[in-house]
Amino acid sequence: MSKAEVSMSHLIRVFTKPEQLNSKLAQIEQHISDNLADFLSQHVVAKKTSLEEIEKDFASAAIPEIPEFVSTHAETLLEKLVAHSVNTYSPRFIGHMTSALPYFHLPLAKLMVGLNQNLVKIETSKAFTPLERQVLGIMHKLVYGQDETFYEQYLHSAKHSLGAFCSGGTVANMTALWVARNNLLGPRPGFSGVARAGLAAAYRHYDIDGVGVLSSRRGHYSLGKAMDLLGMGRDEMVTIDCPSQTLSPEKALIAGREYAAQGKKLLAIVGIAGTTETGHVDPLDELADVANELGCWFHVDAAWGGATLFSERYRHKLKGIERADSITMDAHKQMYVPMGAGMALFKDPKDSNAVRHHAQYILREGSKDLGSTTLEGSRNGMAMLVYASLHILGRQGYELLINQSIEKARRYAEMIEEDPFFELITQPTLSILTYRVVPPGVHDLLANASQQTQQRIYDLLNQLVVSVQKRQREAGKSFVSRTRLSTQTYSDKTITVFRVVLANPLTSDEDLRAILQEQATIAQETQAWQELQGLLLPHVKVS
Ligand SMILES: *Cc1c(COP(=O)(O)O)cnc(C)c1O
(Lines give C-alpha, C1' and ligand atoms only; values in the text may rest on other atoms or scores of the structure.)
Protein backbone atom coordinates (compact mmCIF):
# COMPACT_ATOMS: atom_id res chain seq x y z
CA MET A 1 0.00 0.00 0.00
CA SER A 2 1.37 3.39 -0.91
CA LYS A 3 2.13 5.57 2.06
CA ALA A 4 2.25 9.33 2.15
CA GLU A 5 5.31 11.06 3.53
CA VAL A 6 5.15 12.47 7.01
CA SER A 7 5.70 16.16 6.60
CA MET A 8 4.01 19.38 7.54
CA SER A 9 3.62 20.27 3.89
CA HIS A 10 1.74 17.02 3.23
CA LEU A 11 -0.50 17.62 6.26
CA ILE A 12 -1.23 21.15 5.12
CA ARG A 13 -2.27 19.77 1.75
CA VAL A 14 -4.62 17.34 3.52
CA PHE A 15 -6.21 20.28 5.35
CA THR A 16 -6.55 22.59 2.41
CA LYS A 17 -6.44 21.02 -1.04
CA PRO A 18 -9.26 19.10 -2.64
CA GLU A 19 -8.36 15.82 -4.26
CA GLN A 20 -7.45 15.87 -7.93
CA LEU A 21 -10.33 15.38 -10.34
CA ASN A 22 -9.39 11.82 -11.22
CA SER A 23 -8.58 10.70 -7.69
CA LYS A 24 -10.64 8.00 -6.03
CA LEU A 25 -12.22 10.40 -3.57
CA ALA A 26 -13.19 12.79 -6.36
CA GLN A 27 -14.69 9.87 -8.29
CA ILE A 28 -16.75 8.88 -5.29
CA GLU A 29 -17.99 12.43 -4.86
CA GLN A 30 -18.86 12.68 -8.53
CA HIS A 31 -20.70 9.36 -8.55
CA ILE A 32 -22.69 10.29 -5.45
CA SER A 33 -23.59 13.67 -6.93
CA ASP A 34 -24.57 12.26 -10.31
CA ASN A 35 -26.70 9.41 -9.10
CA LEU A 36 -26.88 8.44 -5.47
CA ALA A 37 -29.15 5.44 -6.05
CA ASP A 38 -26.74 4.10 -8.65
CA PHE A 39 -23.78 4.64 -6.34
CA LEU A 40 -25.51 2.76 -3.53
CA SER A 41 -26.69 -0.11 -5.68
CA GLN A 42 -23.20 -0.51 -7.15
CA HIS A 43 -21.29 -0.25 -3.92
CA VAL A 44 -23.57 -1.45 -1.14
CA VAL A 45 -23.66 -5.02 -2.29
CA ALA A 46 -25.80 -7.37 -0.26
CA LYS A 47 -23.03 -9.91 0.11
CA LYS A 48 -23.71 -12.79 2.43
CA THR A 49 -20.68 -11.93 4.51
CA SER A 50 -21.10 -12.76 8.17
CA LEU A 51 -20.40 -10.16 10.81
CA GLU A 52 -17.61 -12.41 12.12
CA GLU A 53 -16.01 -12.31 8.70
CA ILE A 54 -16.29 -8.51 8.57
CA GLU A 55 -14.85 -8.19 12.07
CA LYS A 56 -11.59 -9.60 10.74
CA ASP A 57 -11.18 -6.39 8.72
CA PHE A 58 -11.54 -4.38 11.90
CA ALA A 59 -9.64 -6.60 14.30
CA SER A 60 -6.38 -4.79 14.93
CA ALA A 61 -5.93 -2.22 17.68
CA ALA A 62 -2.61 -1.09 16.23
CA ILE A 63 -2.37 2.68 15.85
CA PRO A 64 -1.93 3.61 12.19
CA GLU A 65 1.62 4.89 12.26
CA ILE A 66 2.32 6.37 8.85
CA PRO A 67 -0.11 8.61 6.95
CA GLU A 68 -1.92 7.11 3.99
CA PHE A 69 -2.91 9.00 0.85
CA VAL A 70 -6.52 10.12 1.01
CA SER A 71 -7.31 8.30 -2.22
CA THR A 72 -5.74 5.08 -1.08
CA HIS A 73 -7.74 5.25 2.08
CA ALA A 74 -10.94 6.01 0.16
CA GLU A 75 -10.44 2.72 -1.73
CA THR A 76 -10.16 0.88 1.55
CA LEU A 77 -13.35 2.45 2.85
CA LEU A 78 -15.25 1.46 -0.28
CA GLU A 79 -14.05 -2.10 -0.09
CA LYS A 80 -14.22 -2.82 3.62
CA LEU A 81 -16.97 -0.56 4.85
CA VAL A 82 -19.30 0.78 2.18
CA ALA A 83 -19.62 -2.61 0.47
CA HIS A 84 -20.82 -4.16 3.71
CA SER A 85 -23.13 -1.40 4.85
CA VAL A 86 -26.91 -1.40 4.51
CA ASN A 87 -28.75 0.21 1.64
CA THR A 88 -31.33 2.10 3.67
CA TYR A 89 -32.39 3.90 0.47
CA SER A 90 -33.75 0.73 -1.09
CA PRO A 91 -37.54 0.95 -1.55
CA ARG A 92 -37.70 -2.64 -0.34
CA PHE A 93 -35.94 -1.85 2.92
CA ILE A 94 -39.09 -1.39 4.97
CA GLY A 95 -38.05 -2.76 8.34
CA HIS A 96 -36.90 0.31 10.21
CA MET A 97 -37.44 4.01 10.66
CA THR A 98 -34.23 4.83 8.82
CA SER A 99 -34.88 5.34 5.10
CA ALA A 100 -34.04 7.38 2.02
CA LEU A 101 -33.31 11.11 2.34
CA PRO A 102 -34.15 13.92 -0.07
CA TYR A 103 -31.14 14.56 -2.22
CA PHE A 104 -30.60 18.19 -1.20
CA HIS A 105 -29.30 17.02 2.17
CA LEU A 106 -26.07 15.79 0.61
CA PRO A 107 -24.67 19.15 -0.53
CA LEU A 108 -26.17 20.89 2.51
CA ALA A 109 -24.56 18.38 4.85
CA LYS A 110 -21.26 19.11 3.15
CA LEU A 111 -21.82 22.80 3.76
CA MET A 112 -22.64 22.08 7.41
CA VAL A 113 -19.50 20.01 7.88
CA GLY A 114 -17.46 22.59 5.99
CA LEU A 115 -18.64 25.45 8.20
CA ASN A 116 -18.12 23.37 11.34
CA GLN A 117 -20.18 25.58 13.60
CA ASN A 118 -20.57 24.67 17.26
CA LEU A 119 -23.99 25.48 18.66
CA VAL A 120 -22.91 25.24 22.28
CA LYS A 121 -22.13 28.95 22.25
CA ILE A 122 -22.69 31.97 20.04
CA GLU A 123 -18.97 32.66 19.72
CA THR A 124 -18.73 29.55 17.51
CA SER A 125 -22.09 29.67 15.79
CA LYS A 126 -23.41 33.25 15.39
CA ALA A 127 -26.38 33.08 12.98
CA PHE A 128 -26.80 29.36 13.60
CA THR A 129 -28.04 30.13 17.12
CA PRO A 130 -31.03 32.28 16.09
CA LEU A 131 -31.69 29.77 13.30
CA GLU A 132 -31.84 26.89 15.77
CA ARG A 133 -34.10 28.90 18.06
CA GLN A 134 -36.38 29.64 15.13
CA VAL A 135 -36.56 25.95 14.20
CA LEU A 136 -37.55 25.16 17.79
CA GLY A 137 -40.13 27.94 17.58
CA ILE A 138 -41.63 26.52 14.38
CA MET A 139 -41.85 23.05 15.89
CA HIS A 140 -43.30 24.52 19.08
CA LYS A 141 -45.96 26.27 17.06
CA LEU A 142 -46.71 23.08 15.14
CA VAL A 143 -47.64 21.43 18.43
CA TYR A 144 -48.82 24.20 20.72
CA GLY A 145 -49.98 26.76 18.17
CA GLN A 146 -49.46 29.82 20.37
CA ASP A 147 -50.08 33.27 18.90
CA GLU A 148 -47.60 35.66 17.37
CA THR A 149 -47.01 37.73 20.50
CA PHE A 150 -46.02 34.57 22.37
CA TYR A 151 -43.29 33.76 19.84
CA GLU A 152 -42.19 37.41 19.63
CA GLN A 153 -41.70 37.33 23.36
CA TYR A 154 -39.98 33.98 23.79
CA LEU A 155 -38.37 32.79 20.58
CA HIS A 156 -35.12 34.70 21.11
CA SER A 157 -35.38 35.42 24.81
CA ALA A 158 -32.16 34.79 26.73
CA LYS A 159 -34.17 33.82 29.79
CA HIS A 160 -36.39 31.27 28.12
CA SER A 161 -36.31 28.41 25.70
CA LEU A 162 -39.02 26.74 23.72
CA GLY A 163 -37.03 23.55 23.50
CA ALA A 164 -33.67 21.86 23.25
CA PHE A 165 -32.19 20.63 20.02
CA CYS A 166 -30.24 17.39 20.47
CA SER A 167 -28.93 14.30 18.76
CA GLY A 168 -32.15 12.29 18.87
CA GLY A 169 -35.21 10.99 20.63
CA THR A 170 -33.18 9.31 23.36
CA VAL A 171 -31.50 12.52 24.48
CA ALA A 172 -34.77 14.43 23.99
CA ASN A 173 -36.56 12.04 26.37
CA MET A 174 -33.73 12.41 28.87
CA THR A 175 -33.78 16.19 28.57
CA ALA A 176 -37.54 16.36 29.08
CA LEU A 177 -37.46 14.13 32.17
CA TRP A 178 -34.44 16.03 33.48
CA VAL A 179 -36.38 19.30 33.25
CA ALA A 180 -39.42 17.64 34.84
CA ARG A 181 -37.34 16.20 37.67
CA ASN A 182 -35.62 19.49 38.45
CA ASN A 183 -38.95 21.31 38.46
CA LEU A 184 -40.51 18.74 40.79
CA LEU A 185 -37.59 18.65 43.22
CA GLY A 186 -36.61 22.28 42.79
CA PRO A 187 -35.17 24.76 45.27
CA ARG A 188 -37.32 26.18 48.06
CA PRO A 189 -36.55 27.75 51.45
CA GLY A 190 -34.13 25.44 53.24
CA PHE A 191 -33.27 23.39 50.16
CA SER A 192 -31.03 24.26 47.22
CA GLY A 193 -32.81 21.95 44.77
CA VAL A 194 -32.00 18.55 43.31
CA ALA A 195 -29.69 20.03 40.67
CA ARG A 196 -27.32 21.18 43.42
CA ALA A 197 -28.03 18.95 46.40
CA GLY A 198 -28.54 15.67 44.55
CA LEU A 199 -31.30 13.11 44.65
CA ALA A 200 -30.64 11.63 48.10
CA ALA A 201 -30.93 15.05 49.72
CA ALA A 202 -34.01 15.83 47.64
CA TYR A 203 -35.77 12.65 48.80
CA ARG A 204 -34.95 13.48 52.41
CA HIS A 205 -36.05 17.06 52.08
CA TYR A 206 -39.29 16.26 50.29
CA ASP A 207 -39.81 13.16 52.42
CA ILE A 208 -40.42 10.75 49.57
CA ASP A 209 -39.23 7.20 48.98
CA GLY A 210 -38.85 7.35 45.25
CA VAL A 211 -39.74 9.13 42.04
CA GLY A 212 -41.27 7.24 39.15
CA VAL A 213 -42.37 7.58 35.56
CA LEU A 214 -45.39 5.80 34.12
CA SER A 215 -45.80 4.57 30.57
CA SER A 216 -47.17 1.59 28.68
CA ARG A 217 -45.07 -1.46 27.94
CA ARG A 218 -44.56 -0.02 24.45
CA GLY A 219 -42.52 2.86 25.89
CA HIS A 220 -39.17 3.29 24.19
CA TYR A 221 -36.19 1.79 26.05
CA SER A 222 -34.65 5.27 26.26
CA LEU A 223 -37.10 5.97 29.11
CA GLY A 224 -35.39 3.25 31.16
CA LYS A 225 -32.00 4.75 30.32
CA ALA A 226 -33.27 8.16 31.46
CA MET A 227 -34.48 6.71 34.77
CA ASP A 228 -31.07 5.17 35.31
CA LEU A 229 -29.15 8.29 34.35
CA LEU A 230 -31.32 10.71 36.31
CA GLY A 231 -30.72 8.62 39.41
CA MET A 232 -34.33 7.60 39.94
CA GLY A 233 -33.60 4.03 38.91
CA ARG A 234 -35.07 1.77 36.26
CA ASP A 235 -37.18 -0.08 38.82
CA GLU A 236 -39.18 3.10 39.36
CA MET A 237 -40.48 2.87 35.81
CA VAL A 238 -44.18 2.05 36.24
CA THR A 239 -44.84 -0.02 33.15
CA ILE A 240 -48.46 -0.81 32.27
CA ASP A 241 -49.43 -3.80 30.13
CA CYS A 242 -51.23 -2.80 26.97
CA PRO A 243 -52.90 -5.75 25.23
CA SER A 244 -54.69 -3.26 22.98
CA GLN A 245 -51.31 -1.57 22.26
CA THR A 246 -52.23 1.74 23.89
CA LEU A 247 -52.04 2.97 27.46
CA SER A 248 -55.40 2.76 29.18
CA PRO A 249 -56.16 6.03 31.07
CA GLU A 250 -58.12 4.08 33.71
CA LYS A 251 -55.19 1.74 34.36
CA ALA A 252 -52.80 4.70 34.40
CA LEU A 253 -54.90 6.47 37.01
CA ILE A 254 -55.11 3.40 39.25
CA ALA A 255 -51.39 2.66 38.92
CA GLY A 256 -50.53 6.31 39.57
CA ARG A 257 -52.58 6.31 42.78
CA GLU A 258 -51.09 3.02 43.93
CA TYR A 259 -47.64 4.42 43.34
CA ALA A 260 -48.37 7.53 45.43
CA ALA A 261 -49.83 5.32 48.18
CA GLN A 262 -46.37 3.78 48.62
CA GLY A 263 -44.98 7.11 49.77
CA LYS A 264 -43.48 7.75 46.35
CA LYS A 265 -44.01 10.58 43.92
CA LEU A 266 -45.04 10.07 40.32
CA LEU A 267 -42.93 12.47 38.27
CA ALA A 268 -44.54 12.01 34.88
CA ILE A 269 -46.87 10.10 32.65
CA VAL A 270 -45.38 9.44 29.25
CA GLY A 271 -47.86 9.15 26.41
CA ILE A 272 -46.53 7.77 23.15
CA ALA A 273 -47.49 9.28 19.81
CA GLY A 274 -46.40 6.49 17.52
CA THR A 275 -44.93 3.53 19.37
CA THR A 276 -41.69 2.25 17.95
CA GLU A 277 -42.99 -1.27 17.54
CA THR A 278 -46.53 -0.84 16.23
CA GLY A 279 -47.00 2.88 15.57
CA HIS A 280 -49.94 3.19 17.96
CA VAL A 281 -50.88 6.51 19.54
CA ASP A 282 -51.87 6.60 23.21
CA PRO A 283 -55.10 8.46 24.08
CA LEU A 284 -53.22 11.69 24.74
CA ASP A 285 -56.19 13.86 25.69
CA GLU A 286 -57.39 11.40 28.34
CA LEU A 287 -53.84 10.88 29.62
CA ALA A 288 -53.47 14.65 30.01
CA ASP A 289 -56.55 14.49 32.26
CA VAL A 290 -54.99 11.67 34.28
CA ALA A 291 -51.75 13.63 34.67
CA ASN A 292 -53.83 16.59 35.87
CA GLU A 293 -55.68 14.41 38.31
CA LEU A 294 -52.44 12.94 39.65
CA GLY A 295 -50.69 16.32 39.66
CA CYS A 296 -47.75 15.14 37.58
CA TRP A 297 -45.90 16.17 34.46
CA PHE A 298 -47.20 15.01 31.09
CA HIS A 299 -44.59 14.11 28.51
CA VAL A 300 -45.41 12.90 25.01
CA ASP A 301 -42.85 10.86 23.14
CA ALA A 302 -43.65 11.81 19.56
CA ALA A 303 -40.19 10.94 18.21
CA TRP A 304 -41.76 8.96 15.39
CA GLY A 305 -45.32 10.22 15.11
CA GLY A 306 -44.87 13.94 15.77
CA ALA A 307 -44.53 14.81 12.09
CA THR A 308 -48.16 13.67 11.62
CA LEU A 309 -49.05 17.16 12.88
CA PHE A 310 -48.06 18.54 9.47
CA SER A 311 -51.01 16.70 8.00
CA GLU A 312 -54.35 18.46 8.26
CA ARG A 313 -55.98 15.18 7.34
CA TYR A 314 -54.38 13.10 10.09
CA ARG A 315 -53.25 15.46 12.84
CA HIS A 316 -56.41 14.62 14.78
CA LYS A 317 -54.80 11.26 15.58
CA LEU A 318 -52.55 13.13 18.01
CA LYS A 319 -55.39 15.02 19.66
CA GLY A 320 -54.38 16.23 23.11
CA ILE A 321 -50.65 16.43 22.34
CA GLU A 322 -50.89 20.22 22.85
CA ARG A 323 -51.63 19.56 26.51
CA ALA A 324 -48.21 17.96 27.10
CA ASP A 325 -45.69 19.78 29.27
CA SER A 326 -42.93 18.45 27.07
CA ILE A 327 -42.64 16.66 23.76
CA THR A 328 -39.97 14.60 22.05
CA MET A 329 -39.64 14.84 18.27
CA ASP A 330 -37.13 13.35 15.88
CA ALA A 331 -36.61 15.24 12.63
CA HIS A 332 -34.49 12.31 11.47
CA LYS A 333 -37.54 10.10 11.32
CA GLN A 334 -40.64 11.27 9.45
CA MET A 335 -39.13 14.65 8.63
CA TYR A 336 -36.48 13.01 6.44
CA VAL A 337 -33.49 14.85 7.91
CA PRO A 338 -30.17 13.01 8.35
CA MET A 339 -29.63 11.37 11.73
CA GLY A 340 -28.73 13.57 14.66
CA ALA A 341 -31.81 15.80 14.75
CA GLY A 342 -33.86 15.37 17.91
CA MET A 343 -35.84 17.97 19.82
CA ALA A 344 -37.39 18.30 23.24
CA LEU A 345 -40.08 20.97 23.22
CA PHE A 346 -41.48 22.69 26.30
CA LYS A 347 -44.95 24.13 26.57
CA ASP A 348 -43.83 26.66 29.17
CA PRO A 349 -40.74 28.62 28.02
CA LYS A 350 -39.62 29.00 31.66
CA ASP A 351 -39.47 25.28 32.43
CA SER A 352 -36.02 24.58 31.05
CA ASN A 353 -34.53 27.16 33.40
CA ALA A 354 -34.61 24.30 35.91
CA VAL A 355 -31.55 22.85 34.18
CA ARG A 356 -29.86 26.11 33.18
CA HIS A 357 -26.14 26.02 33.69
CA HIS A 358 -23.61 28.80 33.62
CA ALA A 359 -19.87 28.75 33.24
CA GLN A 360 -17.36 31.54 33.28
CA TYR A 361 -15.70 31.20 29.91
CA ILE A 362 -18.92 30.46 28.03
CA LEU A 363 -22.61 30.27 28.81
CA ARG A 364 -22.32 33.50 30.75
CA GLU A 365 -25.40 34.64 32.50
CA GLY A 366 -27.79 36.50 30.20
CA SER A 367 -26.13 35.05 27.09
CA LYS A 368 -28.18 33.30 24.46
CA ASP A 369 -25.76 30.37 24.30
CA LEU A 370 -27.81 27.28 23.62
CA GLY A 371 -25.43 25.13 25.63
CA SER A 372 -26.77 26.47 28.90
CA THR A 373 -29.96 24.41 28.73
CA THR A 374 -28.90 21.41 26.64
CA LEU A 375 -27.67 18.08 27.93
CA GLU A 376 -25.08 17.81 25.21
CA GLY A 377 -22.10 20.13 24.86
CA SER A 378 -20.58 20.64 21.43
CA ARG A 379 -23.19 20.18 18.74
CA ASN A 380 -23.14 20.67 14.98
CA GLY A 381 -25.39 22.85 12.85
CA MET A 382 -27.93 20.13 12.18
CA ALA A 383 -30.77 22.59 12.77
CA MET A 384 -29.84 24.08 9.39
CA LEU A 385 -30.94 20.86 7.70
CA VAL A 386 -34.27 20.93 9.56
CA TYR A 387 -34.65 24.59 8.60
CA ALA A 388 -33.90 23.81 4.96
CA SER A 389 -36.30 20.86 4.93
CA LEU A 390 -39.08 22.91 6.46
CA HIS A 391 -38.69 25.45 3.67
CA ILE A 392 -37.93 23.17 0.74
CA LEU A 393 -40.75 20.75 1.49
CA GLY A 394 -43.05 23.14 3.31
CA ARG A 395 -45.95 22.07 5.47
CA GLN A 396 -47.84 21.04 2.37
CA GLY A 397 -44.96 18.87 1.18
CA TYR A 398 -44.74 17.21 4.57
CA GLU A 399 -48.47 16.67 4.58
CA LEU A 400 -48.22 14.83 1.26
CA LEU A 401 -45.37 12.66 2.55
CA ILE A 402 -47.22 11.82 5.76
CA ASN A 403 -50.52 11.13 4.02
CA GLN A 404 -49.01 8.86 1.41
CA SER A 405 -47.17 6.85 4.10
CA ILE A 406 -50.32 6.34 6.14
CA GLU A 407 -52.37 5.45 3.07
CA LYS A 408 -49.71 3.08 1.78
CA ALA A 409 -49.68 1.32 5.13
CA ARG A 410 -53.44 0.85 4.83
CA ARG A 411 -53.07 -0.63 1.37
CA TYR A 412 -50.37 -2.97 2.64
CA ALA A 413 -52.68 -4.02 5.47
CA GLU A 414 -55.37 -4.78 2.88
CA MET A 415 -52.95 -6.84 0.79
CA ILE A 416 -52.09 -8.85 3.90
CA GLU A 417 -55.71 -9.38 4.85
CA GLU A 418 -56.61 -10.56 1.37
CA ASP A 419 -53.71 -13.00 1.22
CA PRO A 420 -54.49 -16.49 2.61
CA PHE A 421 -50.85 -16.94 3.70
CA PHE A 422 -50.72 -13.94 6.01
CA GLU A 423 -52.41 -12.58 9.07
CA LEU A 424 -52.47 -8.92 10.03
CA ILE A 425 -51.67 -8.54 13.73
CA THR A 426 -51.86 -4.78 14.28
CA GLN A 427 -53.69 -2.38 11.97
CA PRO A 428 -51.63 0.68 11.06
CA THR A 429 -52.57 3.79 13.02
CA LEU A 430 -49.76 5.68 11.31
CA SER A 431 -47.41 3.96 8.89
CA ILE A 432 -46.24 1.00 10.98
CA LEU A 433 -47.95 -2.37 11.00
CA THR A 434 -47.25 -5.91 12.12
CA TYR A 435 -48.28 -9.25 10.65
CA ARG A 436 -47.19 -12.83 10.38
CA VAL A 437 -47.27 -15.72 8.00
CA VAL A 438 -49.83 -18.44 8.79
CA PRO A 439 -50.27 -21.41 6.44
CA PRO A 440 -53.88 -21.83 5.24
CA GLY A 441 -55.83 -24.19 7.48
CA VAL A 442 -53.79 -23.52 10.62
CA HIS A 443 -56.43 -21.28 12.16
CA ASP A 444 -59.08 -24.00 11.92
CA LEU A 445 -56.62 -26.48 13.30
CA LEU A 446 -55.87 -24.19 16.25
CA ALA A 447 -59.54 -23.81 17.08
CA ASN A 448 -60.03 -27.57 17.47
CA ALA A 449 -56.65 -28.67 18.79
CA SER A 450 -55.72 -29.89 22.25
CA GLN A 451 -53.90 -27.42 24.46
CA GLN A 452 -50.64 -29.23 23.85
CA THR A 453 -51.04 -29.08 20.06
CA GLN A 454 -52.06 -25.44 20.30
CA GLN A 455 -48.85 -24.66 22.12
CA ARG A 456 -46.88 -26.57 19.48
CA ILE A 457 -48.60 -24.55 16.74
CA TYR A 458 -47.87 -21.27 18.49
CA ASP A 459 -44.21 -22.19 18.76
CA LEU A 460 -44.03 -23.20 15.11
CA LEU A 461 -45.72 -19.99 13.95
CA ASN A 462 -43.18 -17.98 15.91
CA GLN A 463 -40.32 -20.00 14.45
CA LEU A 464 -41.76 -19.52 10.99
CA VAL A 465 -41.63 -15.73 11.28
CA VAL A 466 -38.07 -15.85 12.63
CA SER A 467 -36.84 -18.11 9.81
CA VAL A 468 -38.54 -16.14 7.07
CA GLN A 469 -37.29 -12.82 8.42
CA LYS A 470 -33.71 -14.07 8.68
CA ARG A 471 -33.67 -15.69 5.26
CA GLN A 472 -35.23 -12.68 3.59
CA ARG A 473 -32.62 -10.42 5.17
CA GLU A 474 -29.80 -12.74 4.11
CA ALA A 475 -31.09 -12.96 0.54
CA GLY A 476 -30.57 -9.19 0.49
CA LYS A 477 -33.39 -8.18 -1.85
CA SER A 478 -35.67 -6.80 0.81
CA PHE A 479 -35.80 -6.23 4.54
CA VAL A 480 -38.61 -6.41 7.05
CA SER A 481 -37.89 -6.40 10.79
CA ARG A 482 -39.48 -8.53 13.47
CA THR A 483 -40.55 -8.06 17.06
CA ARG A 484 -42.45 -9.85 19.82
CA LEU A 485 -45.84 -8.59 20.96
CA SER A 486 -48.55 -9.69 23.31
CA THR A 487 -52.01 -9.02 21.96
CA GLN A 488 -55.57 -9.37 23.13
CA THR A 489 -56.49 -11.46 20.12
CA TYR A 490 -54.21 -14.26 21.30
CA SER A 491 -55.27 -14.32 24.94
CA ASP A 492 -52.28 -12.11 25.73
CA LYS A 493 -49.77 -14.64 24.44
CA THR A 494 -46.51 -13.20 23.20
CA ILE A 495 -46.17 -13.80 19.48
CA THR A 496 -43.42 -13.09 16.98
CA VAL A 497 -44.42 -10.81 14.13
CA PHE A 498 -43.00 -9.04 11.12
CA ARG A 499 -42.76 -5.31 11.61
CA VAL A 500 -42.96 -2.91 8.72
CA VAL A 501 -42.27 0.83 8.70
CA LEU A 502 -43.46 2.48 5.50
CA ALA A 503 -41.19 5.50 5.57
CA ASN A 504 -39.61 5.56 2.13
CA PRO A 505 -41.75 7.56 -0.32
CA LEU A 506 -40.12 5.60 -3.15
CA THR A 507 -41.63 2.29 -1.98
CA SER A 508 -44.37 1.33 -4.46
CA ASP A 509 -47.32 -1.04 -4.13
CA GLU A 510 -45.46 -3.31 -6.50
CA ASP A 511 -42.52 -3.41 -4.07
CA LEU A 512 -44.93 -4.38 -1.30
CA ARG A 513 -46.48 -7.16 -3.33
CA ALA A 514 -43.02 -8.46 -4.20
CA ILE A 515 -42.04 -8.50 -0.53
CA LEU A 516 -45.10 -10.55 0.42
CA GLN A 517 -44.54 -12.89 -2.51
CA GLU A 518 -40.93 -13.44 -1.45
CA GLN A 519 -41.99 -14.12 2.14
CA ALA A 520 -44.60 -16.66 1.03
CA THR A 521 -42.03 -18.46 -1.11
CA ILE A 522 -39.39 -18.49 1.62
CA ALA A 523 -41.92 -19.66 4.20
CA GLN A 524 -42.71 -22.83 2.28
CA GLU A 525 -39.04 -23.80 2.30
CA THR A 526 -38.75 -23.73 6.10
CA GLN A 527 -38.73 -26.55 8.60
CA ALA A 528 -41.53 -24.89 10.60
CA TRP A 529 -43.80 -24.84 7.54
CA GLN A 530 -43.17 -28.55 6.89
CA GLU A 531 -44.00 -29.38 10.50
CA LEU A 532 -47.18 -27.34 10.37
CA GLN A 533 -48.16 -29.19 7.19
CA GLY A 534 -47.51 -32.44 9.07
CA LEU A 535 -49.94 -31.36 11.79
CA LEU A 536 -52.49 -30.30 9.18
CA LEU A 537 -52.49 -33.54 7.19
CA PRO A 538 -54.26 -35.91 9.60
CA HIS A 539 -56.66 -33.09 10.43
CA VAL A 540 -57.59 -32.65 6.79
CA LYS A 541 -58.16 -36.42 6.44
CA VAL A 542 -60.61 -36.71 9.33
CA SER A 543 -62.64 -33.67 8.44
C1 LIG B 1 -36.84 6.41 17.71
C2 LIG B 1 -37.55 6.63 18.97
C3 LIG B 1 -36.87 7.05 20.13
C4 LIG B 1 -35.38 7.17 20.17
O5 LIG B 1 -34.90 8.11 19.30
P6 LIG B 1 -33.38 8.11 18.81
O7 LIG B 1 -33.36 9.22 17.84
O8 LIG B 1 -33.14 6.76 18.20
O9 LIG B 1 -32.53 8.33 19.99
C10 LIG B 1 -37.62 7.30 21.25
N11 LIG B 1 -38.94 7.14 21.26
C12 LIG B 1 -39.63 6.73 20.17
C13 LIG B 1 -41.12 6.57 20.25
C14 LIG B 1 -38.96 6.46 18.98
O15 LIG B 1 -39.63 6.05 17.90
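Visitor: Which residue follows α11, and what is the sign of its phi?
Guide: In this predicted model, the phi of the residue that follows α11 is near 55°. The sign of that angle is therefore positive, and the residue that follows α11 is D207.

Visitor: Is D207 buried or exposed?
Guide: D207 is found in the loop between α11 and β2, and its phi near 55° is a positive value in a residue other than glycine. Its relative accessible area is 67%. Since the class of exposed residues begins over 50%, D207 counts as exposed.

Visitor: Which residues of helix α11 are buried?
Guide: Helix α11 spans residues 199–206, and the cover over its buried residues includes α9 (169–184), α10 (194–197) and β2 (211–216). The buried residues in this helix are L199, A201, A202 and Y203.

Visitor: Is Y336, which has a positive phi although it is not a glycine, buried or exposed?
Guide: The phi of Y336 is about 55°, and the residue has its place in the loop between β6 (326–330) and β7 (342–346). Its relative accessible area is 5%, which is under the 20% limit for burial. Y336 is therefore buried.

Visitor: How are the rings of F150 and Y151 arranged?
Guide: The count of aromatic pairs in the protein comes to nine. For F150 and Y151, the ring centres are 4.9 Å apart and the planes stand at 80°. Because an angle over 60 degrees places a pair in that class, the arrangement of F150 and Y151 is edge-to-face.

Visitor: What relative accessible areas do F150 and Y151 have?
Guide: Both values are judged against a burial limit of under 20%. F150 is buried at 13%, and Y151 is likewise buried, with a relative accessible area of 9%.

Visitor: How many residues apart are Y435 and F498 along the chain?
Guide: Y435 and F498 form a tilted aromatic pair, with 5.1 Å from centre to centre and 50° between the planes. This pair links distant parts of the chain, as Y435 lies in strand β9 (residues 432–437) and F498 in strand β11 (residues 494–501). Both Y435 and F498 are buried. Their separation along the chain is 63 residues.

Visitor: Which residues form one aromatic cluster with Y435 and F498?
Guide: Y435 and F498 are a pair with 5.1 Å between their ring centres. They belong to one aromatic cluster, and its remaining members are Y412 and F422.

Visitor: Which residues is L78 in contact with, leaving aside its neighbours within four places in sequence?
Guide: L78 has its place in helix α5 (residues 70–81), and it is buried, with a relative accessible area of 11%. One of its contacts is I28, which is 50 residues from L78 along the chain while their C-alpha atoms are separated by 9.1 Å. With those neighbours set aside, L78 is in contact with K24, I28, F39, H43 and A83.

Visitor: What is the distance between the C-alpha atoms of L115 and N380?
Guide: L115 is found in helix α6 (residues 105–115), and at 39% relative accessibility it counts as partly exposed. L115 and N380 are 265 residues apart along the chain, and the separation of their C-alpha atoms is 9.4 Å.

Visitor: How far apart in space are T489 and S244, C-alpha to C-alpha?
Guide: T489 has its place in the loop between β10 (481–486) and β11, where it is exposed, with a relative accessible area of 63%. In sequence, T489 and S244 are 245 residues apart, and in space their C-alpha atoms are apart by 8.9 Å.

Visitor: What share of the contacts with a separation of 6 or more is made by residues 24 or more positions apart?
Guide: The protein has 19 helices and eleven strands, and buried residues make up 52% of its 543 residues. Among contacts with a separation of 6 or more, the share made by residues 24 or more positions apart is 71%.

Visitor: What radius of gyration does the protein have?
Guide: Its C-alpha atoms fill a box of roughly 85 × 70 × 45 Å along the principal axes. A compact globule of 543 residues would have a radius of gyration near 24 Å, and the value for the protein agrees with this, at 26 Å.

Definitions and conventions
Residues are numbered from 1 along each chain as its sequence is written. This is a predicted model: local features need pLDDT of at least 70, side-chain atom pairs count only at pLDDT 80 or more; totals for chains, interfaces and linings use all residues. Side-chain values use heavy atoms; hydrogens and water are left out. Helices (H or I, at least four residues) and strands (E, at least two) are DSSP runs, numbered from the N terminus. The radius of gyration is taken over C-alpha atoms; the globule rule is 2.2 Å times the number of residues to the power 0.38. Buried means under 20% relative accessible area, exposed over 50%, partly exposed in between (1.4 Å probe, protein chains only). Contact means heavy atoms within 4.5 Å. Rings of Phe, Tyr and Trp (its six-membered ring) pair if their centres lie within 6.5 Å; planes under 30 degrees apart count as stacked, over 60 as edge-to-face and the rest as tilted.
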